[in-house]
Amino acid sequence: MSVEKYTHSHDYVMRDSKIGSNEKKTALVVILTFVTMIAEITYGHITGSMALLADGWHMASHVGALGISLVAYRLARSEKLNQRFSFGAGKFIPLGGYTSALMLGLVAIFMGYESLHRVLNPVDINFSTAIGVSVLGLIVNLVSAILLWDSHDHHHGHDHHHHHDDCAHGHGYDHDDEHVHDHNHKSALIHVIADAFTSVLAIVALITGKYLGWNWADPAMGIVGSVVILKWAYGLCRATLWELLDGNSKLIKKEDVLNLFEDDVHVEVTDLHIWRIAPNAHACELMVYSKVAQGSEFYRSKILAKFDIEHLIIEERT
């Protein structure tokens with residue numbers, strides 16, 4: 001047999017068609033967001049609306065963040081980089097999400113500061129024009145969210161891995177934000193949803209200001225928006241940081257792997273590590289002491305029958 005047959009590649013992201021699809025959608029959203037950003041910032045200055053200006057600058061941050069997402073996708077899919085890193089370039093995906101989360105947090109703080117400044121120093125607002133542009137921004141945000149929305153974001157496998165995924169679902173798998181397939185995609189979606197949220201707040205503030213005379217509502221909504229978006233940024237930052245620092249897998253529980261060998265009186269698992277190395281790939285390192293030598297294939301077949309693990313290293317000692 002040739003040596004090439006045993007070569008183990010780490011091009012997990014390049015083999016993930018889901019990532020490629022997310023990358024194309026993100027590129028389209030960048031274009032939409034950029035055009036709307038220019039309109040909102042321009043008319044925010046012209047009309048004097050803080051809510052509209054905040055929405056525009058918030059959208060500007062998303063252009064940068066979505067741009068970072070595109071760069072992260074490109075780096076993660078680079079054949080050269082996948083060869084240079086120990087487990088491939090999959091970590092560029094959560095890195096893109098983490099960087100976007102930081103940008104989202106900074107913009108939220110900036111929005112809060114500017115809104116507070118407008119509370120103390122009110123300015124005149126051209127309500128009619130500001131409302132029109134805000135509605136346009138909301139429409140673009142909703143279109144962007146629809147483009148990025150993916151109800152199957154939690155599916156973690158290529159077609160030939162589905163039977164592993166079904167087993168994983170029965171072993172402590174639950175659908176929360178810690179378990180998303182593509183954190184880069186998740187961050188892009190949160191950015192456009194945050195934009196839609198601030199657009200709604202801006203529209204409400206401008207309508208109440210125009211018809212009820214509540215001029216304070218405009219900067220007040222800016223403060224509310226900044227607090228909510230800061231909370232979203234924190235959640236995204238925490239989830240992506242967990243992956244970047246090789247936190248224990250939240251998809252495959254250590255206890256479930258250990259349970260595979262609990263009835264074997266000859267085997268004692270002394271060291272076990274399971275972590276995610278790419279959006280669709282896990283690594284596992286296992287050290288076992290056995291009274292009877294059974295060979296690594298015994299443990300490998302038992303684990304892979306239940307769990308979808310791309311990179312599995314087993315050391316048996318007797």
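The lining of the second largest cavity comprises, by class, three nonpolar, five polar and four charged residues. This cavity belongs to a predicted model, in which a search of the whole structure finds three cavities of 30 Å³ or more. The space within the second largest cavity amounts to about 110 Å³, and 12 residues line it, with W242, E243, S249, K250 and R276 lying nearest its centre. Helix α8, which spans residues 217-244, supplies the largest share of this lining, namely three residues.

As to the overall architecture, the protein chain contains 10 helices and three strands, and these elements follow one another along the sequence in the pattern α-α-α-α-α-α-α-α-α-β-β-α-β. Of the 318 residues in the protein chain, 49% are buried. Among the contacts in the protein chain with a separation of 6 or more, 77% are accounted for by residues 24 or more positions apart.

The confidence of the prediction varies along the sequence: the protein chain averages a pLDDT of 76, and 81% of the residues score at least 70. Over residues 151-178, by contrast, the pLDDT is below 50, although this stretch has 57 contacts in the model beyond near neighbours in sequence.

A residue of helix α7 (residues 183-212) that merits description is A205. Because its relative accessibility is 0%, and the cut-off for burial is under 20%, A205 counts as buried. When residues up to four places away in sequence are not counted, A205 touches A217, D218 and M221. For one of these contacts, that with D218, the C-alpha atoms of the two residues are separated by 4.7 Å, while A205 and D218 stand 13 residues apart along the chain.

Two cysteines were also examined for their accessibility. C237 has a relative accessibility of 16% and therefore counts as buried, since burial is assigned under 20% relative accessible area. C284, with a relative accessible area of 0%, is buried as well. A search of the whole structure for disulfides finds zero.

How values were computed: Residues numbered from 1 in each chain as written. Predicted model: local features only at pLDDT ≥ 70, side-chain atom pairs only at ≥ 80, totals over all residues. Heavy atoms only, no water. pLDDT = per-residue confidence, 0-100. Contact = heavy atoms within 4.5 Å. Disulfide = S-S within 2.5 Å. Buried < 20%, exposed > 50% of the residue type's maximum accessible area, 1.4 Å probe, protein only. 1 Å grid on protein atoms, 1.4 Å probe; cavity = no way out; pocket = protein on both sides within 12 Å on 5 of 7 lines; lining within 4 Å. Points joined across faces, edges and corners; volume = space filled by probe spheres on them. Helix = DSSP H or I, 4+ residues; strand = E, 2+ residues; numbered from the N terminus. Nonpolar A, V, L, I, M, F, W, Y, C, P; charged D, E, K, R; others polar.
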